[in-house]
Amino acid sequence: PDTTVGYQHNEDANPTTIGDNVVIRAGSTIYTDVVLHDSVQTGHDALIREFTEVGTESIVGTKTVIDGRSDIGEHVSIQTGVYIPSNTTIEDKVFLGPHAVLTNDPYPIRQNCELTGPTIKQSASIGANAVINPGITVGERSFVASGAVVTRDVPPDTLAAGIPAEFKTLPD
């Protein structure tokens, strides 16, 4: 059965729910109102903020930050040092390479605006040090090359490479 931990910081908060066979390594911080499904693993010093759900058999790498209000699917591999902003959706079987950065704020200076994180569709791969801009959708089975900066939606089955990223359809 699921184990429940955490404290309630207000009457509306739910405790964190941790499924069976979850491994949380030293230095990691898991906020209230987080759900970690069965067999999730974190690396050291990972941070998972409130209102986030991490699916079965997903990995959250060392020093990764998930800034809350995000949905992470099943069998997702998030490598070391990835930044995932609030309001992000990552579907099943996604790979996020080391130090990939997803963003949700379209302005470099604080303005009142809606913060919309990216959506990474099923079986997509994001290479090391890639940057995905706010509100971008990376299509199913697409690949974002290392170091790419993605400024527009990536269609399914597409390679995105360069700064800004240019697209090439992947062969079947």
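Two strands are taken to pair if DSSP finds at least two bridges between them. In the predicted model described here, strand β22 (residues 158-161) and strand β23 (residues 166-169) meet this criterion, pairing in the antiparallel sense over four bridges. Together β22 and β23 form a hairpin in which four residues lie between the two strands. Within the turn, G162 adopts a positive phi of about 105°. Among the bridge partners across the hairpin are A161 of β22 and E166 of β23.

Strand β22 is also joined to strand β20 (residues 143-144), in this case by two bridges and with the strands running parallel. Here F143 has L159 of β22 as its bridge partner. Strand β22 is thus paired in the parallel sense with β20 and in the antiparallel sense with β23. The side chains along β22 alternate between two faces. T158 and A160 point to one face and are buried, whereas L159 and A161 point to the other face and are not buried. The two β22 residues named above as bridge partners, L159 and A161, therefore both belong to the face whose side chains are not buried, given that buried denotes under 20% relative accessible area.

A further local feature concerns G97, which is located in the loop between β14 (95-96) and β15 (101-102). Because its relative accessibility is 0%, G97 counts as buried. Apart from neighbours within four places in sequence, the residues in contact with G97 are Q79, V82, I126, G127 and A128. G43 lies 54 residues from G97 along the chain, and the C-alpha atoms of these two glycines are separated by 14 Å.

At the level of the whole chain, the secondary structure comprises 23 strands and zero helices. The radius of gyration of the protein chain is 16 Å, which agrees with the value near 16 Å that a compact globule of 172 residues would have. Along the principal axes, the C-alpha trace spans about 45 × 40 × 25 Å. Of the 172 residues, 38% are buried. Contacts between residues at least 6 apart in sequence include 13% that join residues at least 24 apart.

The accessible surface of the protein chain amounts to about 8,800 Å², and carbon and sulfur atoms account for 48% of this area. The chain carries 10 positive and 22 negative charges, and the mean positions of these two sets are 8 Å apart.

Key: Residues numbered from 1 in each chain as written. Predicted model: local features only at pLDDT ≥ 70, side-chain atom pairs only at ≥ 80, totals over all residues. Heavy atoms only, no water. Rg over C-alpha atoms; globule rule 2.2 N^0.38 Å. Buried < 20%, exposed > 50% of the residue type's maximum accessible area, 1.4 Å probe, protein only. Contact = heavy atoms within 4.5 Å. Areas by Shrake-Rupley, 256 points an atom, 1.4 Å probe, with all protein chains shown as cover. Lys, Arg positive; Asp, Glu negative; His and termini not counted. Charge placed at Lys NZ, Arg CZ, Asp CG, Glu CD.
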